[in-house]
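Q: Please take a close look at one part of this model for me, namely how its strands pair up. Keep it chatty, but stick to the specifics.

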Amino acid sequence: MRIHKEGKEGVRLNTAIFLLIIAVVTATALVYDWAWWVLALVDGFLLWRIAFVIRFFRDPERPLKEDADGVFAPADGKVVVIEEVDEPEVMGGKCVQLSVYMNFYNVHVNWAPVGGEVTYKDHYNGEFVLAWRPKSSHLNEHTTIGVRTAKGHTVMFRQIAGWIARRIVSYPQVGDRVGQNSKFGFIKFGSRVDVFVPLGSEILVGLGDKVVGSQTLLARLPKSNK
């Protein structure tokens, strides 16, 4: 299983702690017979912890899909919001918001739903309410990215920290070009990604649908960007 670069330090740290504690407990067990059952419990817990970290930071290989008019899911998870909203920050008015909620067990890699030039990026240090709640989009810590596609559409996506999440990683900068379904970031622990598309886009998913990042089409952009 391949580990995402954001998790490699954690795996190394947990492994080092595991080896140190095992050495101490083993040395104790050689002196005190009762310590052998402690060794077994510690072994089991630490091995579970390492396995959890490795699984959480897994970075699956997926076929690259491209669709100039398509907007792909930026993350694995469940569609929890589909609604028309007013978004002045990047979209300049009315648009459609689609939100994908990632639970604790989903892959937490984030993929760019469209390709194009990064025209906007901003980070907001906010609160940490439950990510599935609608107000988390504005109140929680989040990073917002706006991309202008080759056909002139603007699509915005926002990484939102959750109740447990405390770190959002986002790589592109303003002026960069991102490829559709390229890996653009990572959110640690349960969280959510919002995607904002122009009015007139064809919505291809429904509330409660489970989606696969970089593989499931959320929407198809309008034929015209006017």
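A: First, a working definition: two strands count as paired if DSSP finds at least two bridges between them. Also bear in mind that this is a predicted model.

Let's start with the open sheet of three strands, where the order is S1-S14-S12 and the pairing is antiparallel. Its edge strands are S1 (70–72) and S12 (202–203), each of which pairs on one side only. Take the S12 side: S12 joins S14 (residues 217–220) through two bridges, in the antiparallel sense. That meets the cut-off of at least two bridges, so the two strands count as a pair. If you want a residue to click on, Ile203 sits opposite Ala219 in S14.

Now over to S6, which covers residues 142–148. This strand is mostly covered, with six of its seven residues buried. S6 has S5 (residues 116–124) as an antiparallel partner, and seven bridges hold that pairing together. Within it, Tyr120 has Gly146 of S6 as its bridge partner. S6 also pairs with S7 (residues 154–161), again antiparallel and again over seven bridges. Here Arg148 stands opposite Thr154 in S7. S6 and S7 form a hairpin with five residues between the strands, and Gly152 takes a positive phi near 90° there.

As for side chains, here's the general picture: in a regular strand they alternate between the two faces of the sheet. Two strand residues deserve a closer look.

One is Gln97, found in S3 (residues 93–102). Gln97 counts as buried because its relative accessibility is 6%, and the cut-off is under 20%. Its side chain still has polar company: there is a polar contact of 2.9 Å with the side chain of Ser99, and another of 3.5 Å with the side chain of Asp194.

The other is Asn110, in the strand S4 (residues 109–111). With 0% relative accessibility, Asn110 is therefore buried too. Setting aside neighbours within four places in sequence, Asn110 touches a long list of residues, including Pro74, Ala75, Met102, Gln159 and Val193. That list also takes in the stretch Ser182, Lys183, Phe184, Gly185, Phe186 and Ile187. Ser182 lies 72 residues away along the chain from Asn110, yet their C-alpha atoms are separated by 8.5 Å.

Terms used
Residues numbered from 1 in each chain as written. Predicted model: local features only at pLDDT ≥ 70, side-chain atom pairs only at ≥ 80, totals over all residues. Heavy atoms only, no water. Buried < 20%, exposed > 50% of the residue type's maximum accessible area, 1.4 Å probe, protein only. Helix = DSSP H or I, 4+ residues; strand = E, 2+ residues; numbered from the N terminus. Polar contact = N/O pair within 3.5 Å; in protein donor to acceptor, adjacent residues only side chain to side chain. Contact = heavy atoms within 4.5 Å.
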